[in-house]
Amino acid sequence: MITTLLNQAVIMLILICLGILCYKIGIISESGSKELSRLALLVINPIVIFMAYQKKLEARLLKGFAAALLLGVISFFIAAIISYTAVRKKKNRETDIERFSCVYSNCSFMGIPLIQALLGSEGVFYLTAYLTAFNILVWTHGVIMMSGQKSMKNIVNALTSSSVIAICLGFIFFMTGLRLPGFLGNTLDLVGSMNTPVAMIVAGATIARTNILKALKNPRIYYITFLTLILIPAVVAMVFSFIPADKTVELSVLIAVSAPAATMCTMFSLRYDRNSLYASEIFAVTTLASVITMPAIVSLYQKL
């Protein structure tokens, strides 16, 4: 499995480099990058999630889904404790951006392609449980953290996001045994196959808009990268080793936790007038470093 993960990580790195190149030579503009990001988040990812539910109803899968949801909540709790303990508030420090980057990973963009390659649609099925917790938390706690305001609208946004809608529809189809007609299922599978290249090219274009050399000279970013990609996933992996859950379920959640900082941190920073450049720099460095750290975390988990 480690070899497969390394191969997939290299493929994703090549696609990221392609995205950087396309942005640098003008094939993808900044507005084009944002539109591709919306396409991936609002169309392609939800389709991949929905299609993961096109399975025969089994008690084993239901039990695994519930376990993944519980493990997801546990992992967010661990990440929050570590981030709030290790990232202290200080004057002239972007504490909220750093904590957000530690708690919320790029579990959809990076997680779905890797889990799809390693564990297939069953792994993506379990990942949807984690994504349920992610969407509810990021649109409530995450928005409150970045905006400084509490609002019922945030909860409504969380429950009506495209990913949550895809999860709800998929779960209804799964529980009732409904199946899409062959031609429609094949069409959606074809759209879903775009997920990895589009997501990684968008990640590359986002990285290309940052001053990566400047980011690499900032020691604070290395600290946040260590927390995000090594300490939090390692603690989660150790906790999981004491929980008697299905290994596919645990690995699906662990890969999501091990993903780099979420692109939503940059999006929220832009929306709420925070330091979006710093958020992008954290995203860029953690994305590049995750090619090495994600296989290492999976290897650690297998040895525990």
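**Figure 1. Packing of helix 2 against helix 9 in the predicted model.** Helix 2, which spans residues 30-51, packs with helix 9, residues 195-208, at an angle of about 150°. The axes of helix 2 and helix 9 lie 10 Å apart. Because angles over 145 degrees count as roughly antiparallel, helix 2 is roughly antiparallel to helix 9. The crossing in which helix 2 passes helix 9 is left-handed.

**Figure 2. Residues at the contact of helix 2 with helix 9.** From helix 2, the residues S33, L36, S37, A40, I44, N45 and V48 take part in the contact. Their counterparts in helix 9 are N195, V198, V202, A205 and T206. Sorted by class, this contact of helix 2 with helix 9 contains seven nonpolar and five polar residues, with no charged residues.

**Figure 3. Surroundings of N195 in helix 9.** N195 has a relative accessibility of 0% and therefore counts as buried. When residues up to four places away in sequence are not counted, N195 touches I44, N45 and V48. These three residues belong to the part of helix 2 that meets helix 9. N195 also touches I112 and P113.

**Figure 4. The aromatic pair of Y53 and F125.** In this predicted model, the count of aromatic pairs comes to 14. In the pair formed by Y53 and F125, the ring centres are 5.0 Å apart and the planes stand at 70°, so the arrangement is edge-to-face. Y53 is located in the loop between helix 2 and helix 3 (59-86), whereas F125 is part of helix 5 (residues 107-147), so this pair ties together parts that are 72 residues apart in sequence. Y53 and F125 are both buried.

**Figure 5. The aromatic pair of F100 and Y104.** The ring centres of F100 and Y104 lie 4.9 Å apart, and the planes are at 50°, so this pair is tilted. F100 counts as buried, with a relative accessibility of 0%. Y104 has a relative accessible area of 2% and is buried, because the cut-off for that class is under 20%.

**Figure 6. An aromatic cluster that includes Y53 and F125.** One aromatic cluster is formed by Y53, F65, F125, Y126, F171 and F174. Among its members are Y53 and F125, the rings of which make the edge-to-face pair. Within this cluster, F125 lies in helix 5, while Y53 lies in the loop between helix 2 and helix 3.

Notes: Residues numbered from 1 in each chain as written. Predicted model: local features only at pLDDT ≥ 70, side-chain atom pairs only at ≥ 80, totals over all residues. Heavy atoms only, no water. Axes fitted to C-alpha atoms, helices over the stretch in contact; angles between N-to-C directions. Helix = DSSP H or I, 4+ residues; strand = E, 2+ residues; numbered from the N terminus. Parallel < 35°, antiparallel > 145°, perpendicular 65-115°, else oblique. Left-handed = near helix turned anticlockwise from the far one by under 90°. Contact = heavy atoms within 4.5 Å. Nonpolar A, V, L, I, M, F, W, Y, C, P; charged D, E, K, R; others polar. Phe/Tyr/Trp six-rings, centres within 6.5 Å; stacked < 30°, edge-to-face > 60°. Buried < 20%, exposed > 50% of the residue type's maximum accessible area, 1.4 Å probe, protein only.
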